[in-house]
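Reader: Please take a close look at one part of this model for me. I would like to hear about its pockets.

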Amino acid sequence: LIGENKDKEALRMLEDVNIDDYNNENDEIIASFYFVKATAYDLNEDSSNSIRMFEKACDHYEKAGITYDRYLQSLQSLGRIYYKLGKLVLSEKCYKKIIIYGTPSQLFKNDELNDLDFVSNAFYNLGIIFADKDEYNMAEKCLPKVMQKNVVSHEKAQNILHNQIFTLHKT
């Protein structure tokens with residue numbers, strides 16, 4: 001239902017599920033439930049409940065030893081929502097966690113190489129946060145690390161480096 005633009009209907013169904021009935025299930029299943037519910041809240045622009053559900057999803061993914069794929073998606077969503085709410089420190093923590101768990105050594109261990117895009121986006125978003133906080137030296141360290149294969153983010157990062165940061169830094 002979520003992918004079919006029936007977000008409100010999906011949310012109503014998810015809210016009817018009593019997750020306590022599934023406490024004996026493994027943490028990966030519970031994490032997936034919270035991830036889907038958080039996504040539904042996010043699509044309905046309910047930041048408060050979305051944050052709460054993404055945090056629960058992250059907790060259960062960590063308990064299950066899963067630090068890739070949807071775990072990184074959860075962190076990325078949390079970082080985006082925190083940023084939108086002006087909570088830059090919390091947003092920054094999410095993106096730094098993505099970089100830690102999305103490094104090649106972690107990915108080889110988990111056999112998930114596609115997650116390097118999360119790392120690229122995390123560096124991009126950290127660069128934006130640092131620029132917003134007038135920490136241009138840190139932004140200049142993050143933005144060039146956006147991978148070449150992520151063409152859109154790489155071009156945006158280059159524009160920010162050349163236009164916003166260097167212009168503001170010179171004045």
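**The two largest pockets**

Author: The second largest pocket holds about 160 Å³ of space. This is a predicted model. Its lining can be listed in full. From the 70s and 80s come Gln76, Ser77, Arg80, Tyr83 and Lys84. Tyr95, Asn125, Ile128 and Ile129 complete the lining. Two elements, α4 and α7 (116-132), each give two or more residues to this lining. The biggest share belongs to α4, with five residues. By type, the lining of the second largest pocket has four nonpolar, three polar and two charged residues.

Now the largest pocket. Its space comes to about 180 Å³. Three elements each supply two or more lining residues: α3 (47-63), α4 (70-84) and α5 (88-101). Helix α4 therefore needs no new introduction, as α4 is named for the second largest pocket and again for the largest pocket. The lining includes Glu55, Cys58, Asp59 and Glu62. Leu75, Leu78 and Tyr82 also belong to it. So do Leu90, Lys93, Cys94 and Lys97. This lining divides into six nonpolar and five charged residues, with no polar ones. The second largest pocket, in contrast, has three polar residues in its lining.

One more helix deserves a look. Helix α2 covers residues 27-43. Its 17 residues should span 24 Å at 1.5 Å a residue, and the end C-alpha atoms are 24 Å apart, so the two agree. At the N-terminal end, asparagine 26 acts as a cap: a side-chain oxygen sits 3.1 Å from the backbone nitrogen of glutamate 28. Buried residues of α2 include Ile30, Phe33, Tyr34 and Lys37. After α2 comes glutamate 45, with a positive phi near 60°.

Methods: Residues are numbered from 1 along each chain as its sequence is written. Side-chain values use heavy atoms; hydrogens and water are left out. On a 1 Å grid over the protein atoms alone, a cavity is a set of points where a 1.4 Å probe fits but cannot get out, and a pocket is an open set with protein on both sides within 12 Å along at least five of seven lines; lining residues have an atom within 4 Å of a point. Grid points are joined across faces, edges and corners, and a volume is the space filled by probe spheres set on the points. Helices (H or I, at least four residues) and strands (E, at least two) are DSSP runs, numbered from the N terminus. Ala, Val, Leu, Ile, Met, Phe, Trp, Tyr, Cys and Pro count as nonpolar, Asp, Glu, Lys and Arg as charged, and the others, Gly among them, as polar. The expected span of a helix is 1.5 Å times one less than its number of residues. Buried means under 20% relative accessible area, exposed over 50%, partly exposed in between (1.4 Å probe, protein chains only). A polar contact is a pair of N or O atoms within 3.5 Å; within protein, one must be able to donate a hydrogen and the other to accept it, and residues adjacent in sequence count only if both atoms are side-chain atoms.
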